[in-house]
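User: Could you take a close look at the place where the two chains meet? I'd like to hear what sits there and how the pieces around it are arranged.

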There are 2 protein chains.
Amino acid sequence: MSLNAVLSRIDANLNDSLERLFELIRIKSISTDAAFDADCRAAADWCAAQLSAIGIAAEPRKTIGKPMVVGHRKDAGARGPHVLFYGHYDVQPVDPVELWNTDPFEPQLVARDDGSRMIVARGSADDKGQLMTFVEAARAWIEETGSLPVPVTVLLEGEEESGSKSVGPFLAENTEELKADLALICDTSMWDRETPAISTMLRGLTSDEVTVKAANMDLHSGMFGSAARNPIHVLAKILAGLHDDAGRVTLPGFYDGVPDLPDDIKAMWDDLGFDGEAFLAEIGLSVPAGETGRTVLEQIWSRPTCEVNGITGGYTGDGFKTVIPAEASAKVSFRLVGDQDPQAIRAAFRKYVEESLPADCSAEFHAHGSGAALTIPFDDPFLAKGRKVLEEEWNKPAALIAMGGSIPIATDFQKTLGMQSLMIGFGLDDDRIHSPNEKYELTSFHKGIRSWARLIGELAETA
Amino acid sequence: MSLNAVLSRIDANLNDSLERLFELIRIKSISTDAAFDADCRAAADWCAAQLSAIGIAAEPRKTIGKPMVVGHRKDAGARGPHVLFYGHYDVQPVDPVELWNTDPFEPQLVARDDGSRMIVARGSADDKGQLMTFVEAARAWIEETGSLPVPVTVLLEGEEESGSKSVGPFLAENTEELKADLALICDTSMWDRETPAISTMLRGLTSDEVTVKAANMDLHSGMFGSAARNPIHVLAKILAGLHDDAGRVTLPGFYDGVPDLPDDIKAMWDDLGFDGEAFLAEIGLSVPAGETGRTVLEQIWSRPTCEVNGITGGYTGDGFKTVIPAEASAKVSFRLVGDQDPQAIRAAFRKYVEESLPADCSAEFHAHGSGAALTIPFDDPFLAKGRKVLEEEWNKPAALIAMGGSIPIATDFQKTLGMQSLMIGFGLDDDRIHSPNEKYELTSFHKGIRSWARLIGELAETA
């Protein structure tokens, strides 16, 4: 049976697979910072070359932003559904860089006392390690059997961490080329170290930046305070008003389209035995900060949020400067669920800000990425296949979970290409993605490759 | 009469005086940023060398912070009160540097259509241009007459813009050397372009920095929001609570020691014809932001304030990062009047913050500079001398004004050296000190030198 031979090959070649991942990690593809544009292009080139080398003819394709890597392979004997695999080669910024124990872009294989090993680097989990699990699975199939048993398209994005502005236009312009029977998305987590998971609910996101302006220049606070309006005070008051005392978001209409959690899903989640206290303790906290009367799991999976992700104004360097700044700004994002409308939420936020401004103040807005929430039907036939192979590989039934983070691409696949997604990933909650010392378990990488190899085989069996 | 010869010499040598000021301005002596330590030392060396060159034997003296420049000259024939002249050679940071029209440290002499000229550079007004008015006045007396008619000590500080931490210890350790009959401080403004002024009330200052901490690392807002406490939200709420709807500071006890403005002072201020609307219009504002029921002049001169001078937290670079940061911080300062106690105010602020923290949050504080407010008696004999010479030079009576900014050194002179100060300066409200494109009028520089030359002569006449 070819699957067993493919799996053995994966085991035997793990070190080579790891070396290739390390090569990709070393490319500093931070998409949110223009200083790393060339690195992002280099990462796209590297991915295209890797895919082409194993016979998935690929190239970096021009977009309005960072290049999109697209590759195709359809072997003569390929049967079963055509799959489109999606991952992203861009990573988050590394600041505060002084909190990293090692160079964020020089991957380290670190062994723990219990013998387990982890890959420490920016992008090790999000998403370079994850995307390479699929590429290495495809490689093993091709190297072992000479072909892929299902037709495969690979789509690798370079702007997932910076708003994915090119995805919409690119999918719209290349609908025929990219349309497949099923999307495979590897950017999610396992339930825990032993339990694989498939994400069937994803929160959406809308993000915005507001700059409050007052005087026409920075002012000396001795000469002009308190006669001059201080935009930091104005901004602080606006942000403080976004939540009420019960942790609910105060924007009018914010909860329109937020569904109650169905009883069967709530029951399934209760069965997961999630320990909210332990989850918070891991990050040094003890009390859930969100809406009162909701469990931690509800707060992070099925409830919408508003978070200020960044704020700046006035003098922020060493020492002190008695300035009243001309402006202050904040980056604000909303996690969305159910049928909440990203554009309506953004409009409500802007309206609230405008209405909160005192005399002499103005607000400027800069839209960042947005995408609606997504729910995968429990009776989806591909979902059954995914559950089967994950249980075979991990010897434990896959948990059907929700994800607090948004993967707007899954929404785009559904809307633009009319295609359902299977969201399988091998990250863990303690991977510290977006934070210093991000890591990816070696087990996740190894068994992740094996899981995809199984799924490729299983999908071919279906035909 | 030697004064007239001295004044003529000042007029004749103005270009040389200006060249010397430009040399000092070119030294990037930003005291609040450790990256400019060497520049601060260079500025101290330059000042000491300049003073020594004209026979005021000076040297940079070691302190716990930036060097203090001290020089003395007592000519055999010197009569009258021994004066100590104070200025500071350090300057504010230049950010946001992109808003400067020219290099902040390459002084430009810019001519207006009406023929007036201004010196544009960081420190041109605050305080290099001002301190050089005295040095050049002394130079003219010495070069013209071979001596100074009063005993002079010069004290130039390098930390005025960064909390003046060395001043207290340095004065305490050198009391005998520095004690004089009168301090002359040149770090204040004129009433307007035509009207000289002496500052008789100065607001004090206490400044503090607070960092609110929540989780033990930066978090992904998809994975942890809203279960995890966001310190930006906490900080925003705390800062929003510092003022009530009437613009009053809410800290308990904040208004203890704040005097009512005496009727005679209020009458004198009303006579100044200050146009609050025009004052605000100059900076693009129309409505006074401070306590309701107070005039703009009261708000900036005789009422205490609380201003947030800087805030930072989370991701503040280009693009967007969906992070819940581990911490957020703000720099907060309070302008003080009357008998408000700087330490009590700081303690009240910290207590308020601590009491406002929700579960799982902590606050760390970092104290910056502080000093009490100061009032000069209207019957001070030196004040009369100051008024006389200023009227002679400017052909207009000097306004007795208050200053919204604090000059803690004046308090220190009074407390540590038992010495009254005469605060005379030639800045203008539109000098943009602490802001991009700071400038100093050439008239301020020229007639400022002449004013000090007159005062030096007048003080000698007293004897």
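Analyst: Here is a walk through the contact between the chains, from the overall numbers down to single residues, and then out into the sheet that spans it.

Keep in mind that this is a predicted model. On the overall numbers, 86 residues of chain A are in contact with 87 residues of chain B. Putting the two together buries about 7,500 Å², and carbon and sulfur atoms give 57% of that. As for polar links, the interface has 46 residue pairs in polar contact, counting pairs with both residues at pLDDT 80 or more. If you sort chain A's side of the contact by class, you get 35 nonpolar, 33 polar and 18 charged residues. The salt bridge count between the chains is 2. One of them joins the side chains of Lys237(A) and Asp245(B), with 3.7 Å from N to O.

So which element of chain A gives the largest share of the side that touches chain B? That's strand β11 (residues 305-314), with 10 residues. β11(A) pairs with β11 of chain B, also residues 305-314, in the antiparallel sense over 5 bridges. Within that pairing, Thr312(A) stands opposite Thr312(B).

Now zoom out a bit. The two β11 strands belong to an open, antiparallel sheet of 8 strands, and its order is β14(A)-β9(A)-β13(A)-β11(A)-β11(B)-β13(B)-β9(B)-β14(B). At the edges you find β14 (362-371) of chain A and β14 (362-371) of chain B, each pairing on one side only. From one strand to the next, the twist averages 20 degrees.

Staying on the chain A half, β9 (residues 204-213) and β13 (residues 327-336) are paired in the antiparallel sense over 10 bridges. If you want a spot to click on there, Val212(A) has Ala328(A) in β13(A) as its bridge partner.

Then there are the helices. Helix α8 (residues 231-240) of chain A packs on this sheet, where it touches β9, β11 and β13 of chain A and also β11 of chain B. The direction of α8(A) makes about 15 degrees with that of β13(A). Helix α12 (residues 342-356) of chain A lies across β9, β13 and β14 of chain A, and it runs at about 165 degrees to β14(A).

To pull it together: the β11 strands of chain A and chain B pair with each other, the sheet carries on from there to a β14 edge strand in each chain, and α8 of chain A touches β11 of chain B as well as strands of chain A.

Notes: Residues are numbered from 1 along each chain as its sequence is written. Chains are lettered from A and ligands numbered from 1 in the order in which they are written. This is a predicted model: local features need pLDDT of at least 70, side-chain atom pairs count only at pLDDT 80 or more; totals for chains, interfaces and linings use all residues. Side-chain values use heavy atoms; hydrogens and water are left out. Contact means heavy atoms within 4.5 Å. Buried area is the accessible area (1.4 Å probe) that two parts lose on being put together, summed over both. A salt bridge is a side-chain nitrogen of Lys or Arg within 4 Å of a carboxyl oxygen of Asp or Glu. A polar contact is a pair of N or O atoms within 3.5 Å; within protein, one must be able to donate a hydrogen and the other to accept it, and residues adjacent in sequence count only if both atoms are side-chain atoms. Helices (H or I, at least four residues) and strands (E, at least two) are DSSP runs, numbered from the N terminus. Ala, Val, Leu, Ile, Met, Phe, Trp, Tyr, Cys and Pro count as nonpolar, Asp, Glu, Lys and Arg as charged, and the others, Gly among them, as polar. Two strands pair if DSSP finds at least two bridges between them. Axes are lines fitted to C-alpha atoms, for helices over the stretch in contact, and angles run from 0 to 180 degrees between N-to-C directions.
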